[in-house]
Number of protein chains: 2
Amino acid sequence: MAFSFRRLIERKRDGEILRDEEIRWIIGEYSRGALPDYQMSALLMAIFKEGLDQAELAVWTDAMLHSGDVLDFSHVAAPKIDKHSTGGVGDKVSIALGPMAAACGVAVPMMSGRGLGHTGGTVDKLESIPGFRTELDPSEFGVILERIGMVLAGQSETLVPADRRIYALRDATGTVPSIPLIASSIMSKKLAEGLDALVLDVKVGRGAFMKDLDRARLLAETMVGIGRSVGTPVVAVLTDMNQPLGRAVGNANEIVEAIEVLKGGGPPDLVEVCYRLTEEMLVLGGIEADRPAARRRLQEAISSGAAFEKLEQVVEAQDGDPRVLHDPSLLPRAGHEEVVTAPRDGYVARIDAFDIGTAALRLGGGRERKEDAIDPAVGLSVEVKVGDRVETGQPLAVVAWNNGGKLADSLPMITAAFEISDQLGTPLVYGELR
Amino acid sequence: MAFSFRRLIERKRDGEILRDEEIRWIIGEYSRGALPDYQMSALLMAIFKEGLDQAELAVWTDAMLHSGDVLDFSHVAAPKIDKHSTGGVGDKVSIALGPMAAACGVAVPMMSGRGLGHTGGTVDKLESIPGFRTELDPSEFGVILERIGMVLAGQSETLVPADRRIYALRDATGTVPSIPLIASSIMSKKLAEGLDALVLDVKVGRGAFMKDLDRARLLAETMVGIGRSVGTPVVAVLTDMNQPLGRAVGNANEIVEAIEVLKGGGPPDLVEVCYRLTEEMLVLGGIEADRPAARRRLQEAISSGAAFEKLEQVVEAQDGDPRVLHDPSLLPRAGHEEVVTAPRDGYVARIDAFDIGTAALRLGGGRERKEDAIDPAVGLSVEVKVGDRVETGQPLAVVAWNNGGKLADSLPMITAAFEISDQLGTPLVYGELR
């Protein structure tokens, strides 16, 4: 069946609801290159303005999802559950959460992204482990998942090709920050992994893409709604991203911090988010009936070493050097350190996660341009948390650097990121939606 | 100065005001092919939704106007004033108005369009005069204007090339019916004619592009506002287009009706609109102080034969056969006639100008596709007006046709266009704006 694309654009422009077959036709034809970008971008702007209702969004997501391969791990008996974060600064949760969940009997077919803007990417972090391969072909992916119960891979090119084209167009046309388009982009990619359930970590605050709680909650509700429409249970947890998560912001140093969590240590805020999200996975997978029971099982998996062992197995399976997990000094290390200190006595009122993330990027830990190479060794260790009492001269952050020009470029942002006054902290977890 | 087009799209998307240099940059870069259509179409949709304020619109129009040649007739002493209609059915006003105004001392550098959709085009009508050339080069255009005081030409390709590209994009992306985009498209093309003043005939009703009075008034206000911003006096007159103007709808038959007006005859509604608009031109040009005085001068120009003589001169200057003006039977004539009659006694409540215009197009008087040829001989003569008392069997319209298939295609629309009941008429002129 053929439609007039112009007519469909006009209808969405006027706030009308598009029908299932019209949405499937748009995504299908656009994916095969039969509709021009200039019409698609006009539709995307109309959607930015008029939105998509729950039924439209479910079909839009499903059509995107079927624009490419959809993975099928029905041969894996364990419940297949992934976690997705909307992106933050110091967010190394996946690297600890995957092994924790897998050690408790969840199969985690995790596909992660690279750094985007001021936020880090799990794939970039993993690649600081010498030899570690994040590009896996589908059959290898399935074999590792079945054998170990988890995989830590990059996004496959064959999954949701429509999203890649549409995202590039949105990026050029000011239509990225649209809740339905963000929700369908995330959900189509995750659902293409052939999941039984999904946990979403929706970050809120200065260092997140959603700066305010209302929009973050709307995004969370929208994604949970898509899950409901397509019959996949989804839990979204709203977590704070005003200040960086944990201490380490960079790449290799974030791997070190994730290992600390798996060994029973790590900064309390990071540990709490790792537990919270993994508990949801265990409950969704039917492994435990409630979160307290799930937490007890996770604590056991950590104290017994089972969770750490999962990371070891997956690093080995993906050709990484497992020795770095036992001796983190074998990971890339920067040549120099610079300490940023408190200019006055007081309470830490703000540690701007956006500024810290941008500073880490400028140090060389992220990409200014798509083709830039990352320096895995550089980064920051944030030594305080919002609410901490500090004295003049006390270290706020330790900067690991390799290039003096890049250090000079990032230091003013790091200094400006810290505000010392009498302010108290902000909550770490805002609540969850299901 | 270079800008991020994406950032400008985002700002318009969020309802912000773009600055002068930003708008000039967009139009300039897009005109020279340096900005992609897919970004421009997103901006156009954002403008559709958020509008342009008066200052933005003045700059947008001025930038469009300067995307190509701007005519300069400063060597012509007479006030240079054109009339533009937003398009209707049976609208042959230009063909009478131009000679009327020129006979009274206005220089009329008229550039007209071809038929668009269900509406006729002055250029198509003129081309039913054997030999008549509507494509004139700029120097010839200027010479005829100076010598005769008027020209009847098609739109020059070198004027406002940005409008052609933007219009094509709007047509494909559902962004045609945007008041600021319509207003800037019309005004940039008219202002590129190097006018001292402009009269706009903003049509309202079923056969117009503006179906309701509020939107027509807004369009009129917007165009008058652009004129004010750029320092060109503009008067907009809102006129009825619920029923066709005059009797003739087609091409050659509309030339005949315009000649009737210039000879002192013609249907009263058409005559009234011709006078009304031409009066405004004479007042704007300082030839008469007010409309009653202007009307007297126009009546003289008609009764003396001076206005008709102007048409003769311009037809000769543009290589048309002037004998057809004296003997209209020399114009193309259709081979057959079909009379549509009243199915019952009553008052004519509605003669749907959209249906009549579409029927004329289907008869062969317009183009279904861009490349279609027009049959100048076919058309309709509408024998009644809204408010007329009719009896069963009385002719409502006489259809001149050449192709039986096309007649069959258009007859049902013609029949359906007429509604007979007890309804009274609608006003012809709704008021003017200056």
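**Exercise 1. Which domains does the assignment give for chain A, and how many Å separate the centres of domain 1 and domain 3?**

Solution. The assignment divides chain A into domain 1 (5-51), domain 2 (81-326) and domain 3 (332-421). Such bounds come from an automatic or database domain assignment. Taken over C-alpha atoms, the centres of domain 1 and domain 3 of chain A lie 44 Å apart.

A word on conventions before we go on. This is a predicted model, where local features need pLDDT of at least 70, side-chain atom pairs count only at pLDDT 80 or more, and totals for chains, interfaces and linings use all residues. Residues are numbered from 1 along each chain as its sequence is written, chains are lettered from A and ligands numbered from 1 in the order in which they are written, and side-chain values use heavy atoms, with hydrogens and water left out.

**Exercise 2. Describe the largest cavity and what lines it.**

Solution. Start with the rule: on a 1 Å grid over the protein atoms alone, a cavity is a set of points where a 1.4 Å probe fits but cannot get out, and lining residues have an atom within 4 Å of a point. Volume is the space filled by probe spheres set on the points, which are joined across faces, edges and corners.

- Count: there are two cavities of 30 Å³ or more.
- Volume: the largest cavity holds about 140 Å³.
- Centre: among its 21 lining residues, A:H118, A:T119, A:G120, A:A360 and A:G365 are the closest to the centre.
- Elements: α16(A) gives the most to this lining, with four residues.
- Domains: domain 2 (81-326) and domain 3 (332-421) of chain A each supply at least three residues to the lining of the largest cavity.

**Exercise 3. What is the volume of the second largest cavity, and which residues line it?**

Solution. Its volume is about 40 Å³. The lining of the second largest cavity consists of B:L71, B:M111, B:L136, B:D137, B:P138, B:F141, B:S156, B:T158 and B:L159.

**Exercise 4. Check the length of helix α14 of chain B, then find what follows α14(B).**

Solution. Helices here are DSSP runs (H or I, at least four residues), numbered from the N terminus. The expected span is 1.5 Å times one less than the number of residues. The twelve residues of α14(B) (306-317) should therefore span 16 Å, and the end C-alpha atoms are 16 Å apart, which agrees. After α14(B) comes B:D319, with a positive phi near 70°.

Technical notes:
Helices (H or I, at least four residues) and strands (E, at least two) are DSSP runs, numbered from the N terminus. On a 1 Å grid over the protein atoms alone, a cavity is a set of points where a 1.4 Å probe fits but cannot get out, and a pocket is an open set with protein on both sides within 12 Å along at least five of seven lines; lining residues have an atom within 4 Å of a point.
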